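Reader: I have the sequence and the model open on my screen. Could you walk me through a few spots in it?

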Amino acid sequence: MFFNRHKAEPPQDAGGGSGERPSVGGPRLVEEETAFLIPQSEWKQLAVRLDGLEALEARVRKLEADADARWAAPRSRTRSERGEWADRVERRMRGFDTRLRDTLAGLGPLGDRLTELTVRHEHMGERTLALESTVADTRRLLDELGEVLDLVRVAQVEERTDLTREDFLVHYGLAGRLKALYTQRMPDLIQPRLTAERPRDVVRRQAELIRRLCLALFGPEEHGGVGDPDLDELARITTDAGRVGLDQQHQRLLERVGSEASNLSRAMNESGYASRFDFSVEPGIAADPREHALWLSCEAGRPVAFVVCPGYRAADRRLLEPFVFTESGGEG
């Protein structure tokens, strides 16, 4: 590639190698002006080097061919991969385009529905305003009617004398508290003494002891009015004059019963109406649910044995019936 033009046969000595100069008129070995003579040894060395250069040139050409082949394969793969990637991108874009068209197509009915709902909402707003105006008018009318009704009630109260005054209503609350004291706290308070005595007729003995508690707290009718409770007598009855011990729970209950009785008596006396407790039920008469409250296990129509808890009256009006205990078997 590089040195072919210089390759030649090694030079021959003139005259058969005798070293003598050629004879005049003989053929010239070198006719060009640039011809030169190269020693045989140097010429061989040059030939060897030229051969090496040719081998090197062949090797370089082979390397270039290998390099071209190696670069061609990745470029081919790259072009193939780029093609596949472009195909995938194109397919996805087509899919996105289809979905977008479908979505836009679905938005049309949705927009129509939204417009319809907006119109309905506006109509509802108008109806709401109309209803609010109607409600306001109705409220004003009711207020006016309420004022008229209040005036009518005032006129009726002023004209009638059989209606209950507002300040008298407190006595109904006092009667409710008194009933709870009779039926809940007193039976619990007397339980330790009943347990100690172990009577044959527990119900009758309970009623007798509670009658004594009521007499100590609210006094007999002949005393007139509502007196102060006898708390010492309350404690003696509960403990059988100290022979029955009370645990902490029943000791607190004893104090609570005394306090409640005192508060009730004070409230009744300060109410401004004449109040009294009613023990006046004739023994032996038939128990009448319209007039009496029947004690536990007692029956209507049987003769009254005694009053367990007194009735309560205020301003000569009965607010609580007396609790009575009846004889069993109709005995008097």
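**A buried serine, a core and a strand**

Author: Happily! The side chain of Ser 271 reaches the backbone oxygen of Met 268 at 2.9 Å, a polar contact (a pair of N or O atoms within 3.5 Å, where one must be able to donate a hydrogen and the other to accept it, and residues adjacent in sequence count only if both atoms are side-chain atoms). This is a predicted model, in which local features need pLDDT of at least 70, side-chain atom pairs count only at pLDDT 80 or more, and totals for chains, interfaces and linings use all residues. Residues are numbered from 1 along each chain as its sequence is written, and side-chain values use heavy atoms, with hydrogens and water left out.

Reader: Why does Ser 271 count as buried?

Author: Buried means under 20% relative accessible area, with a 1.4 Å probe and protein chains only. Ser 271 counts as buried because its relative accessibility is 17%.

Reader: Which strand pairs with β1 over four bridges?

Author: Strands here are DSSP runs of E, at least two residues, numbered from the N terminus, and two strands pair if DSSP finds at least two bridges between them. Arg 276 has Arg 313 as its bridge partner. The pairing with β1 is antiparallel, and the partner strand is β4.

Reader: Which residue takes a positive phi in the hairpin of β4 and β5?

Author: Three bridges join these antiparallel strands, and Ala 314 has Arg 317 as its bridge partner. Two residues lie between the strands, and the one with a positive phi near 55° is Ala 315.

Definitions and conventions
Buried < 20%, exposed > 50% of the residue type's maximum accessible area, 1.4 Å probe, protein only.
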